[in-house]
Amino acid sequence: MRVLVAGLGTMGRSHALAYHAHPDVEIIGLVNRSDVVLPQELAGYPRFATFAEGLALKPDLVCVATYSDSHADYAIAAMESGADVFVEKPLATTVADAQRVVATAKQLGRKLVVGYILRHHPSWQRLIAESRDLGGPYVFRMNLNQQSDGPTWETHKSLMQTTSPIVDCGVHYVDVMCQITDAKPTRVSGMGLRLSDEIAPDMYNYGQLQVWFDDGSIGWYEAGWGPMMSETAFFVKDVVSPNGSVSITDAEKGASDDVDGHTKVGAILVHRRESDQTIAMPDEPGHQALCDAEQAFVVNAILQNIDLTRHMDDAVQSLGICLAADESIRTGHPVNLGDAK
């Protein structure tokens, strides 16, 4: 399977390393608009400055790991050229563009996988299963605040040229909420604040969303980036139901800008009225192992012709919730999802 990787930031490099190690994959090109230093394993592959140059090689699979505002156009161009696509989250920067990408995949019969990496993490799979076993309706309490400075803050500022933290990070955890409740989201509200003069006047680097579901479930998620963010209670993952709760309890998360710490669970506490159960999660996969698993899923979905309809529709739904929260923050009004832009 001939693969082109576009975007060589943290995720793009990790996905390229996953392809490099996969026995059924041949990397035919790497695309990045600027020159970057790559791991030794990737140094020998052909490199291109533009996406069009890479696409001219006619790859079988294209990995889109560029900035969010190019995801939709690159994914569609790749599918129209005959390739299947893996695209990093968020799928697009508007719901209409996300729907356009999915419609193209369905019309052309291409495989489209979106980078919801938590779906490939055994500990998060267990958290979802334990939560569903309790039964709803649910209260979801989740956040990921990142105290960033130096190169990490520069990366965050670059991301915020097109995408807020509540959208970029929120799609992961809203997707977890949706998998647990499996109910229709109906209403979203949000609030946010610009805490730095280093970002655009119309952007905020702290945000919080609240979402309502038609089974009665409710949830909140908050995300903040920057050197001013607190590292106290920066990683809360909590699901509450009438029959108890499921929580990530590991307190030794390390620094909030540690990429491995963003997905690490460590232990899960299942609380029921009659008892508590702590479920240890030893030997959790690190960031690269998760990317390896995610790209193995992509390759297998293509080789085995797996139906990805629900996967694609779920990606649009979680993005729609986060974009509705962004709309609410900018307008100051709650958004009924049937009215979201």
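Visitor: Which residue is the bridge partner of V139 in β10?

Guide: In this predicted model, V139 has I218 as its bridge partner in β10.

Visitor: What makes β7 and β10 a pair of strands?

Guide: Two strands pair if there are at least two bridges between them. Strand β7 (residues 139–147) and strand β10 (residues 218–226) are joined by nine bridges and run parallel, so by that cut-off of at least two they count as a pair.

Visitor: How do you know that β7 pairs with β11?

Guide: The same kind of reasoning helps here. Four bridges link β7 to strand β11 (residues 237–241), and at least two are needed, so the two strands pair. Their directions are antiparallel, and M142 stands opposite K237 of β11.

Visitor: Why is the pairing in the sheet with β7 called mixed?

Guide: That open sheet has nine strands, in the order β14-β13-β12-β11-β7-β10-β9-β8-β15, and its pairing is mixed. You can see both kinds around β7: the pairing with β10 is parallel, whereas the one with β11 is antiparallel. Further along, strand β8 (residues 185–193) and β9 pair in the antiparallel sense over eight bridges, with V188 opposite V211 in β9.

Visitor: What makes β14 and β15 the edge strands?

Guide: Each of them pairs on one side only. β14 (275–280) pairs with strand β13 (residues 267–272) in the antiparallel sense over six bridges, and A267 stands opposite A280 in β14. As for β15 (335–336), two bridges connect it to β8 in the antiparallel sense, where V188 has V335 as its bridge partner. The cut-off is at least two bridges, so β8 and β15 do count as a pair.

Visitor: Which helices pack on these strands?

Guide: Helix α5 (residues 122–134) is one of them, touching β11, β12 (244–248), β13 and β14. Another is helix α8 (residues 170–181), which lies across β7, β9 (206–213), β10 and β11 and runs at about 165° to β7.

Visitor: What leaves one side of β3 and of β6 without a neighbour in the sheet?

Guide: Those strands belong to an open sheet of six, ordered β3-β2-β1-β4-β5-β6, with parallel pairing. β3 (47–48) and β6 (112–114) stand at its edges with a single partner strand each, so one side of each has no neighbour in the sheet. For β6, three bridges join it to strand β5 (residues 84–87), and V85 stands opposite L112 in β6.

Visitor: Why is α3 called roughly parallel to α4?

Guide: Helix α3 (residues 71–80) and helix α4 (residues 95–108) pack at an angle of about 10°, their axes 9 Å apart. Angles under 35 degrees count as roughly parallel, so α3 and α4 earn that name. Among the residues making the contact are A72 and I76 of α3, and V101 and L108 of α4. The contact residues divide into seven nonpolar, one polar and four charged.

Visitor: What makes a residue such as Y221 part of a nonpolar core?

Guide: A core residue is nonpolar, buried and joined to others through side-chain atoms within 4.5 Å. Y221 is in the largest nonpolar core, which has 81 residues, and is listed with L91, W124 and L127 as having the most contacts inside it. The largest share of this core, 10 residues, comes from helix α10 (residues 309–331). A second, separate core of 21 residues includes V5, L30, F86 and L308.

Note on methods:
Residues numbered from 1 in each chain as written. Predicted model: local features only at pLDDT ≥ 70, side-chain atom pairs only at ≥ 80, totals over all residues. Heavy atoms only, no water. Axes fitted to C-alpha atoms, helices over the stretch in contact; angles between N-to-C directions. Parallel < 35°, antiparallel > 145°, perpendicular 65-115°, else oblique. Contact = heavy atoms within 4.5 Å. Nonpolar A, V, L, I, M, F, W, Y, C, P; charged D, E, K, R; others polar. Buried < 20%, exposed > 50% of the residue type's maximum accessible area, 1.4 Å probe, protein only.
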